[in-house]
Amino acid sequence: MFAKRISRSVLVTLYLLSQGSLAQSLFDSPNFLLAGGSGRPVNTAPKPPLNTAQLDAFVNRIMKEYGVPGVGLAIVQNGTVSYVKGYGVRNVSKGTSVTPDTQFPIGSVTKSFTALDMMVLVNDGLVNLDAPVTRYIPEFKLSSPASTRTVTVRNLLTHTTGLSRTDASTFNPKITVKDIIAAAATTPLVGKPGEKFVYSNVNAIIAGEIIKRVSGQSWASFTQQRIFQPLGMNTATLSIDTLKMLPDIATPHELDVKNGGSRPIDYLSLGADAAAGAVNASASDMARYMLFQLGTGSPLISQESLNEMHKGQIAAPDSNLPGVIAQLASKMAESSVRVPAPLVTQEQYGFYWNVENFLGEQIVQHAGNVTGATASVTMLPKQHAGVVILANIGEANTFMDVMRLHIAEVLLGRSGPDVNATLQAQLKILGQDSASIAADRQAARTYQPQPKELSALAGTFKSLADPKPTVVKVIDQRMLRLESGFRGVRFTVDLIPLGKNRFMATGQPIVGSVVKFTGSGEKRAIEIEGLNGATPLAGASK
């Protein structure tokens, strides 16, 4: 759901619509500084002012290229909010403009709030990071008794519990936190606690339960009182019901496979997953949050605790999309093809923050994906600078990386590589560049299949990631309907033909993904195309 990707749509979904912009100031003064501070000295050396005309031109160009309807942007420099602006529209059907106060779902960026909640309790002397999880949740068990005894709160915050990922609770509101805790006892482990980074929303859900039990408040109430209120995040919300009551909110969008462009969709309400992705906030709200994270905002925790959150705790080479793209392109490229150097290196993971190296400087960042929205926070701690980008379209991950790394170059005052050109060159090697994706989307709108092409693919298959079978049916002699599952999520989507046994999914959670049928007889298989090649979904039933 939030930060890891599984297929083309979940990795590099590019949309086809944008328009307009609206500039507004965040505070009465553009140099408004949040008073207080958590002890980190502010670099007061003068920096050249932002060239806002160039920045606006860049943002509008990249929005158009990647088809993003609306964006909220906030930039911090030297302990001040230097620029906040809304671009594009909140809803493509209504055309209302995005403002600095437009609320967006921020997905997994929420996890950094959960980590901060935990560190508040650590500073209060109520939680020990290296204490076993069972101290706070006595009934918690992993499938290994030894791991149950040794798994700690720190492991939860760094995704090193050994638990593999499941998204079942994201799309099934009936699943409770109690259910998730119980399920951990039978979930296969990928290693001992602390050995390996494996991103899973379950870790944040369990962390949220510790916050609830230790504080005596719900995760949402604690976050509201101990984080939002002190930081002045006065319009940020923690539920979709509350969000919908506000006048200035961004509508989620997804790819419109049949017609092109994007289309509005409903918000995804999170239940048990709240601590992993339920925050909704504006660029103005997130500017205040980023000031605090950079050590220049209202004090909530000690400087030592803040530094600990941002310190790389475990190697996480698969946690960052630009790094993954570069690695895969290098492996798959022919010897005669020059692969551009990786944009980021030395990827690690802190307390729900990615830590990486860019142009020789440390970056602390995290992305967020939730149905119909994408978010990114990127900070340059030594420069006391950073950028927040919020978008009202799902899985706009390549767009986010192009935006955040380009603006990081601007904040560093360096002329680095052309981020967009570099990523596109790497993606071309993988067949996932903008031109390849545009060609598939054009085929989805124009290709006319023969009835026998579709009927030959219908049938029942053995699911490879779900206990129930995968079923394929012909619909209206023009498309297929696929019923399957992965990560505990059962879904039904229509597949529009592209030709050569390739189809594009039209619904969540794999909208925009290319699904391919291969082989025949006992070797029949269904795959989802992605950056690292084909991901098997189902095989022939025996």
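Mentor: Accessible areas here come from the Shrake-Rupley method with a 1.4 Å probe. On that basis the protein has an accessible surface of about 20,600 Å², and 51% of that surface belongs to carbon and sulfur atoms. Keep in mind that this is a predicted model.

Trainee: What makes the protein agree with a compact globule in its radius of gyration?

Mentor: The rule is 2.2 Å times the number of residues to the power 0.38. For 542 residues that gives a value near 24 Å, and the protein has 23 Å, so the two agree. The C-alpha atoms fill a box of roughly 70 × 60 × 50 Å along the principal axes.

Trainee: How much of the protein counts as buried?

Mentor: Of its 542 residues, 61% do; a residue earns that word with under 20% relative accessible area. As for contacts with a separation of 6 or more, 69% link residues 24 or more positions apart. There are 18 helices and 21 strands in the protein, and we can look at a few of them.

Trainee: How do you know that the length of helix H8 is as expected?

Mentor: The expected span is 1.5 Å times one less than the number of residues. With 15 residues, at positions 201–215, H8 should span 21 Å, and its end C-alpha atoms are 21 Å apart, so the helix agrees with the rule. Just after H8 comes Gly-216, with a positive phi near 80 degrees.

Trainee: Why is H8 called mostly covered?

Mentor: Eleven of its 15 residues are buried, which means that each of those eleven falls under 20% relative accessible area. Among them are Asn-201, Val-202, Glu-209 and Ile-211.

Trainee: What makes strand S10 mostly covered, and which residues lie on its two sides?

Mentor: S10 covers residues 354–358, and five of its five residues are buried. One side carries Asn-354, Glu-356 and Phe-358, the other Val-355 and Asn-357, and both faces are covered.

Trainee: How do you know that S9 and S10 pair?

Mentor: Pairing needs at least two bridges. Three bridges join S9, residues 345–349, to S10, so the two antiparallel strands qualify. Tyr-349 has Asn-354 of S10 as its bridge partner. The two strands form a hairpin with four residues between them, and Tyr-352 in the turn has a positive phi of about 55 degrees.

Trainee: And what makes S10 and S11 a pair?

Mentor: They share five bridges in the antiparallel sense, against the two required, so S11, residues 361–370, pairs with S10. Val-355 is partnered by Val-364 in S11. This hairpin has two residues between its strands, and Leu-359 in the turn has a positive phi of about 55 degrees.

Definitions and conventions. Residues numbered from 1 in each chain as written. Predicted model: local features only at pLDDT ≥ 70, side-chain atom pairs only at ≥ 80, totals over all residues. Heavy atoms only, no water. Buried < 20%, exposed > 50% of the residue type's maximum accessible area, 1.4 Å probe, protein only. Contact = heavy atoms within 4.5 Å.
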